[in-house]
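Student: I have a structure to look through and some words I do not trust yet. Can we test each one against its definition?

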Amino acid sequence: MKHIFTVSNILFISLLAAIFWPSAEQVPWYLLTVIITVKVITLLRIAASRNVQANLGANDVSAIIFTVLLAWYLLTTRYVVLDKMLFPQPEAVLRLFVAELPDMLKGLLNSLILLVSGYCLALATALPLGLVVGWRARLFHAVNPLTKVLGPIPPIVYIPYAIALLPSFRAASIFVIFIGAFWPIFINTVNGVFNIPKGLLDSARVLNLKERTLLVRIILPGAMPSICTGATLALVFAFVLLAAAELIGANSGVGWYIKNFADFADYQRVIVGIIFISIVVTAITWGTERVEKHLLRWRN
Amino acid sequence: MHEVIISNVSYSYGSNLVLRDINLTAEAGDFICLLGPSGCGKSTLLRLLAGLASPTTGSITLDGSTITGPGLDRGVVFQDYSLFPWMTASQNIVLALEQAFPGRKKSDYRETAAGYLEMVGLHDAIDKLPGQLSGGMRQRAAIARVFAINSPVLLMDEPFGALDAITRARLQDLLLQLWQQKEGERKTVFFVTHDVEEAILLANRIVVLGLNPGNVKGVFSVDLPRPRIRQELYLKESFLVLRDKLVTVLHENILSELDGGQTVHPPGEGI
């Protein structure tokens, strides 16, 4: 019996009751689909895993989602307590989300081109530079003061100047994303090299490795835990800067989408944009976690 | 000929004299144990032999030429960190083989690595990462690596220090087996330990190092016949005599340390 009267189940039933009772004239099909999807995914996860703690967690997550949806539904649809313009109905938002999806995906493509270009540029420069600077003591002492001065500058301050300096908005955004992603990767790579256990370096030295082999096969994987931390941080920075750049000067992309419709006070679409971005970010984070797990699989 | 000559070697770290006037000659095929309390500089001496540091004064020669840096003519096994944790046991050995015998086929390296891993009883662990192996298995793999690159000189820095007694005994036997395998071309071994019985079991000669600064307190020949069987050894008169001698020399050192004007006050004294 305990398994039936969980918070998640009670909220699930309450949501259905709120939708269908006392009358079911206008069934919010999109909302219903989301609610049932969440419930089904939760049940599938619980069925697939025997980890009690994780299963409780999955149940609690669904309970939180249901609480938000229930409050949202009750306060905007059942009893219209909140301002209609600022707080659109869930059903309307979800319907619009589906309708806008093709346009948003096109915008996303533009955004991703900026993001990937800037981020990969940062990775391709900061990583090798960080390895060499971390490895060569003299270079480190030359570069470290510069890092201390330039690293902490919030990259957002470069945006207006970059837009003025560079020929196109696209180039300016890529540049700013590059700067924002560069420092976390660089600093963490240098630190990663420093934190390689001395014993491992001794083992490498007694094998008489060539410097190139040493950097690629020992220093790079040895610094990888720290590099992953830096790369994840850099990705978050890149996202923030992408959104900021698009809010300021773009004519397409996910950041622009939100800014554009906010200008027209179309908060329905603003919320749709925010939901879309959160889904995209979640997907990318999930992907990077996979990559990180693969790269660091040797750490138990 | 893999003769190692250490002549008048001193080593300072900053203003701290770690080793003073070390003189020692190892003939080809010698098995020398460096025995001493922690802090006596025995690991430092091994690092000098490995070329990871240079003597402040004096020199070390291998077959007549001075050691100036690391080289594959000396294989090293450390207590930990011998293997790279992101490479499988096999990949670790392949990397060393690529350095020692460049220009061969990848598959040759892999086959050779597998052969040496089998030799040390790790045929099931060829594709395992060091993190998936026990401490004893990791040291087996490290030993497989130094034998794979076939360096004439073997430097071992307390390689079994972190292992439990049974695993340690097994690995001592394995090491002796491998070392004795080819009569004519035995490797010259320097083996650092603080374990008196381990030293007697393994060595031809035991070099006892003293503290502050590290110096040679005495060199003891171990004339026990090989192969040495542990259970028989412990009953032999000559083993017991040698052990007592070594323990006395080691303790002399520690006691003279304590003599230096220090009085130990038990807690609560003088209330």
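Student: What follows H1(B), and what is the sign of its phi?

Tutor: Gly51(B) follows H1(B), and its phi is positive, near 85°. Keep in mind that this is a predicted model.

Student: Why is helix H1 of chain B called largely enclosed by the rest of the structure?

Tutor: Count its residues. The helix spans residues 42-50, and 8 of its 9 residues are buried, so it is largely enclosed.

Student: What makes a residue buried?

Tutor: It needs 20 or more other C-beta atoms within 10 Å of its own. In H1(B), the residues that pass include Leu45(B), Leu46(B), Leu48(B) and Leu49(B). Lys42(B) and Arg47(B) are buried as well.

Student: How do you know that strands E1 and E4 of chain B pair?

Tutor: Pairing takes at least two bridges. Strand E1 (residues 4-13) and strand E4 (residues 57-62) of chain B are joined by 5 bridges. The cut-off is met, therefore they pair. They run antiparallel. Ser10(B), for one, stands opposite Thr57(B) in E4(B).

Student: Which order do the strands of the open sheet take in chain B?

Tutor: The order is E2-E1-E4-E5, with 4 strands and antiparallel pairing.

Student: What makes E2 and E5 of chain B edge strands?

Tutor: Strand E2 (16-26) and strand E5 (65-66) each pair on one side only. H1(B) packs on this sheet and touches E1, E2 and E4 of chain B. The direction of H1(B) makes about 60° with that of E2(B).

Student: Where does the domain assignment put domain 1 and domain 2 of chain B?

Tutor: Domain 1 is 1-73 + 153-235, and domain 2 is 80-150. Their centres, taken over C-alpha atoms, are separated by 23 Å. The contact between them takes 11 residues from domain 1 and 12 residues from domain 2. Helix H5 (residues 165-180) of chain B gives the most to the domain 1 side, with 5 residues.

Student: How many residues of each class does that domain 1 side have?

Tutor: It has 10 nonpolar, 1 polar and no charged residues.

Student: How many residues does each chain bring to the contact between chain A and chain B?

Tutor: Chain B brings 18 residues and chain A brings 16 residues. On the chain B side, helix H2 (residues 89-100) gives the most, with 3 residues. That side divides into 13 nonpolar, 4 polar and 1 charged.

Student: What scores does the model get?

Tutor: The ipTM is 0.85 and the pTM is 0.84. Chain B averages a pLDDT of 87, and 92% of the residues score at least 70.

Definitions and conventions
Residues numbered from 1 in each chain as written. Chains lettered and ligands numbered in written order. Predicted model: local features only at pLDDT ≥ 70, side-chain atom pairs only at ≥ 80, totals over all residues. Buried ≥ 20, exposed ≤ 12 C-beta atoms within 10 Å, placed from the backbone. Helix = DSSP H or I, 4+ residues; strand = E, 2+ residues; numbered from the N terminus. Contact = placed C-beta atoms within 7 Å. Nonpolar A, V, L, I, M, F, W, Y, C, P; charged D, E, K, R; others polar. pLDDT = per-residue confidence, 0-100. Axes fitted to C-alpha atoms, helices over the stretch in contact; angles between N-to-C directions. Domains from an automatic or database assignment.
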